[in-house]
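User: I am new to this structure and should be grateful for a close look at one part of it. Please examine the helix α3 and its surroundings, and then set that region beside the rest of the chain.

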Amino acid sequence: MKIKNIFLGALMTVIVAPTFAQVQKDEIKDKVVAIIKSGAPDKDKQIKALAKEFKKDAAKLASVGKAYLAEKDYVNAKVYADMAIKANSKCAEGFLLAGNIAVAKDDAGEAATQFQQAMYADPKDPNGYRRYAQMMSKASPQDAVNALETLRQQRPDYPVDLIAAEIYSDAGKMDLAIQYYDKVNIADMKDYQISDYATNLFLSQNYEKSLNVATQGHNKFARNASFNRLMMFNQTELKDFEAAVAAGDRLFNASDSAKISSFDYGYYGRALEGANKYQEAIGIYEQMLKADNVKDDEKLEVNKKISDGYKKISDYAKAEEYLNKYIQGHPQSSFSLEESVAMLYADQLADETTPAAQKQAAYDKADALYAALGQKYPDNAAYVANKRAQMPFSLALDDKAKLKLAGPRYLEFANILAAKSDRSAGETKMLVNAYNAVTAYYVHVVEDMDKAKEIAGRLIEIDPENGNAKAILGIK
């Protein structure tokens, strides 16, 4: 799968809001909290007097316990949980309070038991199922969803599918999360749920459907950063670069509270590159270099992207500047790193917009670098010789002058391939091409027919029907 786990974690942090958040006004709890915080010497007496007014009302007694729980007085909180259960064992509130106390004390087993008791006490109260599902969502998402499915039988009106989707999403079970989200009308979802749905689809590489969901979210919440982000991500993957650029512009410049991540910079840069807006892409990557929340190793790779961008617009001086920054950031050198400079000169040489004088300078630099690399890395000698042989054909010279430069390089390349005992079919084909070029070199440049015949003899051994070799050797 393309998307790595690190991407999943970072992306979900940026896009998805917390789940299970349900805050309700509780006047009794607030009143008791105020008494506790007052520090009055008789505060417990005041609370007991208040509780006497509803000593048979389990829900209100539980509210008193909730106030103590909010102040981390677990002993008194448990007293009122027990009083609530005794007052009415068919009310879920006492068991819910007892479960929440257990959660606060990190006693998951006791919490799960109390939440189950809340479910049995009042099968139609969704809070016991919801809290049990929340408790089990990490350890056993399946058990959590099973509890919600039981709730569905009691309360068909309750949004079981949405909560189940969130549980599976939080557990990283994207396929199951998507299955549950699929059952819900997007009009019934909150903004963070639509984001979560679209994110799971994106991470599952269902880019078209993710884009559809994100677009619906964008239509409802035009300045929501999550939807602009997801639209840009999906449109980039679908190679609809112009649309992705528009979404990227909205994310960066027309979204509320957008926290721009390294992925945002990367995707926006890719979209701009895909739309051939290379100068703009360079600007985004330069912003990425300055961002505090982008890691140093990511910034190192950005230097290469900027170098590639400047190469696209034929600014080879800038391309070399950033390429050197990229190379210098690596603790150890390698053939591929050092070759990247030679390749940049070779690209400049092959660029049709490069003036003739600059082509010659680019050729000289590339050829010298490749020659040094062939000495430093002998295992790459054949590759280097082949590269050196090909480059002269991009010079603004006549054919004979190009062949004069290329011929000796092709001979070096051919000698390396001819000495290989384990030469592949592909390498043999390259050897044939090299010998053809060398024979042309000896015939047209050096004008040494004896040498030409010597090479043609080697050529006919590996390619008996080679017309060029037959002609030089006088074979009919």
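Analyst: The account below begins with helix α3, passes to its surroundings, and then turns to other parts of the chain.

This is a predicted model, in which local features need pLDDT of at least 70, side-chain atom pairs count only at pLDDT 80 or more, and totals for chains, interfaces and linings use all residues. Residues are numbered from 1 along each chain as its sequence is written, and side-chain values use heavy atoms, with hydrogens and water left out.

Helix α3 spans residues 43-52, and its buried residues are I47, L50 and A51. Helices here are DSSP runs (H or I, at least four residues), numbered from the N terminus. Buried means under 20% relative accessible area, exposed over 50%, and partly exposed in between, with a 1.4 Å probe and protein chains only. I47, L50 and A51 lie on the same side of α3, because they cover an arc of only 100° around the axis; the arc is that of the directions from the helix axis to the C-beta atoms. An α-helix has 3.6 residues a turn, so residues three or four places apart point the same way. The face turned away from the buried side of α3 carries K45, K48 and K52, which are exposed.

The buried residues of α3 pack against α2 (27-38), α4 (58-70) and α5 (74-87). Helix α5 includes M83, which counts as partly exposed because its relative accessibility is 33%. Together with V75 and V79, M83 forms a nonpolar patch on the surface, with about 250 Å² of accessible area in total. Patches of this kind are made of residues with over 30% relative accessible area and no salt bridge, with nonpolar side chains (Val, Leu, Ile, Met, Phe, Trp, Tyr) joined within 5 Å and like charges within 9 Å. Accessible areas come from the Shrake-Rupley method with a 1.4 Å probe.

Helix α4 takes part in a salt bridge between D26 and K66, whose closest N and O atoms are 4.0 Å apart. D26 sits in the loop between α1 (5-15) and α2, while K66 is in helix α4, so the pair links parts of the chain 40 residues apart. A salt bridge is a side-chain nitrogen of Lys or Arg within 4 Å of a carboxyl oxygen of Asp or Glu. D26 counts as buried, at 16% relative accessibility, whereas K66 is partly exposed, at 27%. Both residues belong to a salt-bridge network that also includes E93.

The structure as a whole holds 23 salt bridges. Another of them joins R409 to D367, with 2.6 Å between the closest N and O atoms. R409 lies in helix α23 (residues 399-418) and D367 in helix α21 (residues 356-376), 42 residues apart. R409 is buried, at 16% relative accessible area, and D367 is buried as well, at 10%.

Finally, the largest nonpolar core has 98 residues, and those with the most contacts inside it are L148, M189, Y197 and Y265. Helix α20 (residues 335-350) gives the most to this core, with eight residues. A nonpolar core is a set of buried Ala, Val, Leu, Ile, Met, Phe, Trp, Tyr and Cys residues joined through side-chain atoms within 4.5 Å.

Methods: Helix = DSSP H or I, 4+ residues; strand = E, 2+ residues; numbered from the N terminus. Contact = heavy atoms within 4.5 Å.
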